Amino acid sequence: MTPDGGASRRRTGHRLGVSRTVLAGILLVAWISWPVLGYGALITAAPFFGELPTRQQQEAASRLALAAVGVGLLGPVVGFALAGRGSRLRVLALVEAVVTLVVAALVLGLGLL
């Protein structure tokens, strides 16, 4: 231990690293919910028996769609940034971001047909 408190600084840095890893893990596990949020947005904005959705339903659908994008894309990006170098969480975050982009491209591409 050094007189300037180097050991306590290392312990604090270790705790910070662990908490960053835990937060990254939580974000990457939450990624599973983005298709459910997107489906909720789709159903909320869909016409039901010929009736168009109300303004409140359209706003709710917009919020759900933004939440799906946030969880689907921003979650893995932030998780990647928080995970330490060489961490398996970084690889998982990259895979999740690529899967999200591929699925979004397929959905948009099929919607244009």
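The following dialogue explains how to read several features of this predicted model.

Visitor: Which elements make up the protein chain, and in what pattern do they follow along the sequence?

Guide: The protein chain holds four helices and zero strands. Along the sequence, the pattern reads α-α-α-α.

Visitor: How many residues does the protein chain have, and what share of them counts as buried?

Guide: The protein chain has 113 residues, and 19% of them count as buried. One may also ask how far apart contacting residues lie in the sequence. Among contacts between residues at least 6 apart, 67% join residues at least 24 apart.

Visitor: How should one describe two packed helices?

Guide: The description uses the angle between their axes and the distance between the axes. In this structure, consider helix α2, residues 34–45, and helix α3, residues 55–82. Their axes come within 8 Å and cross at roughly 160°. Angles over 145 degrees count as roughly antiparallel, and α2 and α3 are therefore roughly antiparallel to each other. Their crossing is left-handed.

Visitor: Which residues make the contact of α2 and α3?

Guide: On α2, the contact is made by W34, L37, G38, G40, A41, T44 and A45. On α3, the residues are Q57, A60, A61, L64, A65, A67, A68, V71 and G72. Sorted by class, this contact has eleven nonpolar residues, five polar residues and no charged residues.

Visitor: Why can side chains of opposite charge pair?

Guide: Such side chains can pair when their charged atoms come close. A search of the whole structure finds one salt bridge. In that salt bridge, the side chains of R55 and E59 meet at 3.6 Å, N to O.

Visitor: Where do R55 and E59 lie, and how many residues apart are they?

Guide: Both R55 and E59 lie in helix α3. They are four residues apart, which is about one turn of the helix.

Visitor: Are R55 and E59 buried or exposed?

Guide: The relative accessibility of each residue decides the class. R55 has 59% relative accessibility and so counts as exposed. E59, at 36%, counts as partly exposed.

Visitor: What is notable about the phi of F49?

Guide: F49 has a positive phi of about 50°, although F49 is not a glycine. This residue is placed in the loop between α2 and α3.

Visitor: Is F49 buried or exposed?

Guide: The cut-off for an exposed residue is over 50% relative accessible area. F49 counts as exposed because its relative accessibility is 75%.

Key
Residues are numbered from 1 along each chain as its sequence is written. This is a predicted model: local features need pLDDT of at least 70, side-chain atom pairs count only at pLDDT 80 or more; totals for chains, interfaces and linings use all residues. Side-chain values use heavy atoms; hydrogens and water are left out. Axes are lines fitted to C-alpha atoms, for helices over the stretch in contact, and angles run from 0 to 180 degrees between N-to-C directions. Helices (H or I, at least four residues) and strands (E, at least two) are DSSP runs, numbered from the N terminus. Angles under 35 degrees count as roughly parallel, over 145 as roughly antiparallel, 65 to 115 as roughly perpendicular and the rest as oblique. A crossing is left-handed if the near helix is turned anticlockwise from the far one by less than a right angle, and right-handed if clockwise. Contact means heavy atoms within 4.5 Å. Ala, Val, Leu, Ile, Met, Phe, Trp, Tyr, Cys and Pro count as nonpolar, Asp, Glu, Lys and Arg as charged, and the others, Gly among them, as polar. A salt bridge is a side-chain nitrogen of Lys or Arg within 4 Å of a carboxyl oxygen of Asp or Glu. Buried means under 20% relative accessible area, exposed over 50%, partly exposed in between (1.4 Å probe, protein chains only).
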